[in-house]
Amino acid sequence: MFKKILIANRGEIAVRIIRACNEMGIQTVAVYSEVDKDALHTQMADEAICIGPAKSKNSYLNMQNILSATVLTGAEAIHPGYGFLSENSKFAQMCEECDIKYIGPDSNNIDNMGNKLKAREMMINAGVPVVPGSDGEIVDETNALQEAEKIGYPVMIKASAGGGGRGIRVVSKEEDLVSAYNTAKTEAETAFGDGTMYMEKFIEEPRHIEFQILADEHGNVIHLGERDCSIQRRNQKVIEEAPGVVMTDELRKQMGEVAVKAARSINYKNAGTIEFLLDKYGKYYFMEMNTRIQVEHPITEMITGVDLVKAQIRIASGQVLPYKQEDIKIQGHAIECRINAENPNKNFMPCPGEIKTLHIPGGYGVRVDSAAYQGYKIPPTYDSMIGKLIVLGRDRDEAICKMRRALGEFIIEGVDTNIDFQFKIVNNKNYIKGDFDTSFISKEFQNL
């Protein structure tokens with residue numbers, strides 16, 4: 001087992017990893033930008049090193065500085081968390097070349113799954129169902145028109161290097177296609193430095209269902225059930241829950257086996273997530289694979305009892321998975337609300353500033369993953385997420401009631417937050433009935 005791990009991240013996920021390491025008796029090194037010198041993760045780690053100015057490209061994305069900090073402190077491994085360098089194959093490769101263990105899959109896996117077009121081709125070859133779409137890259141406007149006619153409207157134009165909802169456009173009719181294609185391509189080039197585009201059939205009224213995978217370095221692969229991430233705003237997840245509302249034992253078994261098959265087909269190692277679209281007829285299609293820990297991983301931990309961050313560390317150290325598929329039992333229902341410093345009434349504009357008052361909810365089955373504290377100044381430089389509120393109930397009804405109660409107790413003063421907006425969602429009659437898909441927020445909250 002590692003003696004010391006460097007966490008190449010910030011915020012709540014850095015705190016989450018430090019806590020896991022602390023419980024495992026592993027020393028930790030925090031890295032931070034100049035604006036994060038008073039951040040919670042720097043105070044909780046055994047050591048903390050400044051790696052650059054506030055801008056991400058000069059600090060949390062500065063591979064050379066992070067690797068230098070690792071060598072300087074004698075850390076044997078790096079945990080990338082999510083975001084920043086967590087799906088950067090070049091960084092993973094540099095770790096390998098420097099004989100530093102990267103806590104995640106190898107660079108080849110990251111590279112293949114990070115390219116959505118390549119991932120799609122690999123899944124087709126593995127016999128995994130994918131959304132009907134173009135055979136390869138859309139090379140120009142004429143090619144886009146030809147492929148759309150072949151697939152049939154509505155279609156979705158997607159960036160091969162995409163993520164976070166960027167470089168994606170839904171097109172319902174031919175006259176809108178060229179404009180949407182060019183806009184998405186430009187957006188992709190700006191966001192990812194790669195304007196490679198492809199096209200898929202737009203699945204109407206889908207649910208976003210993802211399966212958590214764990215794979216060790218000895219050929220063992222299991223899944224830990226699914227998460228329903230359908231409550232989204234502009235392709236960004238807002239609320240996640242596990243298990244999925246519409247899932248049956250049979251459907252879970254089928255999709256879980258396909259997820260494991262997908263991971264095995266690419267010789268995957270460590271934690272990963274296979275993401276599917278589930279249509280209203282019960283058909284499911286591979287969408288993408290995330291080769292990292294997910295923001296919403298706590299709800300899987302709550303219903304399975306498996307600590308996913310500790311599992312990542314143990315797998316990276318060469319240990320064998322201590323459980324088989326039949327050992328994984330789903331108990332209860334968990335919901336996660338992402339708490340952001342933003343104003344829903346001003347188009348969800350981020351709201352950096354000082355947290356004047358903070359009261360964290362508690363009680364049985366309530367968990368808060370956060371790096372916030374009273375007096376903490378939220379910088380304008382990074383993501384607006386303050387933390388995650390997670391609840392576990394015996395069933396979905398109890399989980400919803402518990403979430404309402406916990407949201408009511410969550411007090412943050414000094415900055416605007418989306419707590420009231422989350423409260424509206426969990427009180428919405430269609431959400432309570434489980435009658436929702438990925439268009440839920442745009443349909444139910446049209447004024448936002």
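Rings of Phe, Tyr and Trp (for Trp, its six-membered ring) pair if their centres lie within 6.5 Å; planes under 30 degrees apart count as stacked, over 60 as edge-to-face and the rest as tilted. The exercises below concern a predicted model, in which local features need pLDDT of at least 70 and side-chain atom pairs count only at pLDDT 80 or more, while totals for chains, interfaces and linings use all residues. Residues are numbered from 1 along each chain as its sequence is written, and side-chain values use heavy atoms, with hydrogens and water left out.

**Exercise 1. Aromatic rings**

Task: Identify the residues that ring pairs link into a cluster, and classify the pair F276 and Y284.

Solution. Step 1: the ring rule gives a count of twelve aromatic pairs. Step 2: for F276 and Y284, the ring centres are 5.8 Å apart and the planes stand at 85 degrees, so this pair is edge-to-face. Step 3: F276 and Y284 are both buried, where buried means under 20% relative accessible area, exposed over 50%, and partly exposed in between (1.4 Å probe, protein chains only). Step 4: the cluster linked by ring pairs consists of F348, F421, Y431, F436, F440 and F445.

Step 5: charges over rings are considered next. A charge sits over a ring if NZ of Lys or CZ of Arg is within 6 Å of the ring centre and within 35 degrees of the ring normal. R207 lies over the face of F436, 4.5 Å from the ring centre, and the charged end of R396 sits over the ring of Y431 at 4.7 Å from its centre.

**Exercise 2. Two charged side chains**

Task: State whether K237 and R252 are buried or exposed, and find their polar partners.

Solution. Step 1: K237 belongs to strand β11 (residues 236-242), and R252 to helix α9 (residues 249-265); helices (H or I, at least four residues) and strands (E, at least two) are DSSP runs, numbered from the N terminus. Step 2: K237 has 15% relative accessibility and therefore counts as buried. R252, at 14%, also counts as buried.

Step 3: a polar contact is a pair of N or O atoms within 3.5 Å; within protein, one must be able to donate a hydrogen and the other to accept it, and residues adjacent in sequence count only if both atoms are side-chain atoms. The side chain of K237 has such a contact with that of E210 at 2.9 Å and with that of E275 at 3.4 Å. For R252, the side-chain partner is E226, at 2.7 Å.

Step 4: contact means heavy atoms within 4.5 Å. Leaving aside residues up to four places away in sequence, K237 touches nine residues' positions listed here in full: H208, E210, C229, I231, Q232, E275, Q294, E296 and R338. With the same exclusion, R252 touches F211, E226, P243, M247 and I330.

**Exercise 3. Helix α5**

Task: Determine which residues of α5 are buried, what covers them and which residue caps the N-terminal end.

Solution. Step 1: in helix α5 (residues 107-114), the buried residues are S107, N109, I110, N112 and M113. Step 2: their cover includes α4 (89-97), β5 (101-102), α6 (116-125) and β13 (284-290). Step 3: the N-terminal cap is D106, with a side-chain oxygen 3.2 Å from the backbone nitrogen of N108.

**Exercise 4. Two open sheets**

Task: Establish the strand order of the antiparallel sheet and of the parallel sheet.

Solution. Step 1: two strands pair if DSSP finds at least two bridges between them. Step 2: the open sheet of three strands has antiparallel pairing and the order β7-β6-β8. Its edges are β7 (166-171) and β8 (197-201), each with a single partner strand, so one side of each has no neighbour in the sheet.

Step 3: strand β6 (residues 155-163) runs antiparallel to β8 and is joined to it by five bridges. Across this pairing, K158 stands opposite Y198 and I157 opposite M199. Four of the five residues of β8 are buried, so β8 is largely enclosed by the rest of the structure.

Step 4: the open sheet of five strands has parallel pairing and the order β3-β2-β1-β4-β5. Here β3 (47-52) and β5 stand at the edges with a single partner strand each, so each has one side without a neighbour in the sheet. Three bridges pair β1 (residues 4-7) with β4 (residues 77-79) in the parallel sense, and the bridge partner of I5 in β4 is A77.
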